[in-house]
Amino acid sequence: MLILGGTHEARRLATKLALDARYEPLLSYAGRTENPELPGDVACRVGGFGGAEALGVFLARFDALIDATHPFAAQISANAVVAARAADVPLLRLVRPAWPREDTWVEVASMRAAAQALGDAPKRVFLTIGRLEVGAFKHAPQHHYVVRAVDAFEPDLPDAKVIAARGPFRLDDERALLERERIDVLVSKNAGTPATYDKLRAARERKLPVIMVARPVLPDAPEVATVEEAEAWLRHGSERGE
């Protein structure tokens with residue numbers, strides 16, 4: 001089966017399936033980070049497919065497709081639905097639950113809306129959204145931004161500092177960062193991952209507002225929340241002879 005990865009769950013699933021003689025997983029990464037965490041003893045590929053049609057052609061030699069990409073990877077998830085239908089291959093979406101809403105959150109639907117929600121008064125803003133959508137905050141140039149991303153980069157912002165780091169992040173370290181950088185507000189995607197949740201705990205302790213970008217709406221597909229449920233789905237298909 002082909003596993004569209006980029007998440008901890010994708011790596012866990014691929015590693016477990018590689019130990020089972022019934023399965024031959026290929027774990028695919030989009031290649032947006034310079035040094036993706038590739039699991040040992042699992043076949044991997046890095047790079048895009050070139051759209052839904054090309055992904056459908058690639059799927060011809062597979063028996064199942066598991067979309068275990070990041071909850072905000074809307075384009076590849078949409079392509080997966082189209083490609084699986086074209087290739088007549090069963091599709092399962094493995095997506096972790098979102099973080100439950102908190103009273104200190106301001107929920108918005110997009111990065112542009114998050115920039116607007118910062119308001120007019122200059123603030124020190126902690127951006128934990130990765131690097132691809134930082135450009136939306138050019139529309140709010142009055143703020144100082146502390147941007148955390150896996151890879152170092154030069155943000156197209158007039159006043160910004162980049163911290164290159166890969167999670168998981170410890171609560172004590174998040175507390176120290178918020179204090180050291182004198183953060184006034186946190187901006188985050190609702191990724192749902194435990195590895196980065198402590199930033200929200202630290203912000204809550206300091207009574208800092210959090211601007212939370214909601215997940216995009218994805219096309220309908222069978223969906224599970226855990227690696228164990230994905231394994232059960234695959235076993236059920238094997239029992240049916242699919």
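**Surface, fold and three backbone details**

Let me begin with the outside of the protein chain, whose accessible surface comes to about 12,200 Å², with 50% of that belonging to carbon and sulfur atoms. Please keep in mind that this is a predicted model. As for charge, the protein chain carries 32 positive and 34 negative side chains, and the centres of these two sets lie 4 Å apart.

Turning to the fold, the protein chain contains seven helices and 12 strands. Its radius of gyration is 19 Å, close to the 18 Å that the globule rule gives for 242 residues, so the protein chain is as compact as a globular protein of that length. The C-alpha trace spans about 60 × 35 × 30 Å along its principal axes. Buried residues account for 47% of the 242 residues, and, among contacts between residues at least 6 apart in sequence, 64% join residues at least 24 apart.

Now to the backbone, where, as a general matter, most residues other than glycine have a negative phi, and most peptide bonds are trans. Against that background, the peptide bond from G167 to P168 is cis, with omega near 10 degrees, and P168 sits in the loop between β9 (160–164) and α5 (171–180).

On the other side of α5, in the loop that leads to β10 (185–189), we find R182, a residue other than glycine whose phi is positive, near 50 degrees. R182 is exposed, with a relative accessible area of 53%. K207, in the loop between α6 (198–205) and β11 (210–213), also has a positive phi, near 60 degrees, and K207 is exposed, with a relative accessible area of 70%.

Note on methods:
Residues numbered from 1 in each chain as written. Predicted model: local features only at pLDDT ≥ 70, side-chain atom pairs only at ≥ 80, totals over all residues. Heavy atoms only, no water. Helix = DSSP H or I, 4+ residues; strand = E, 2+ residues; numbered from the N terminus. Buried < 20%, exposed > 50% of the residue type's maximum accessible area, 1.4 Å probe, protein only. Rg over C-alpha atoms; globule rule 2.2 N^0.38 Å. Contact = heavy atoms within 4.5 Å. Areas by Shrake-Rupley, 256 points an atom, 1.4 Å probe, with all protein chains shown as cover. Lys, Arg positive; Asp, Glu negative; His and termini not counted. Charge placed at Lys NZ, Arg CZ, Asp CG, Glu CD.
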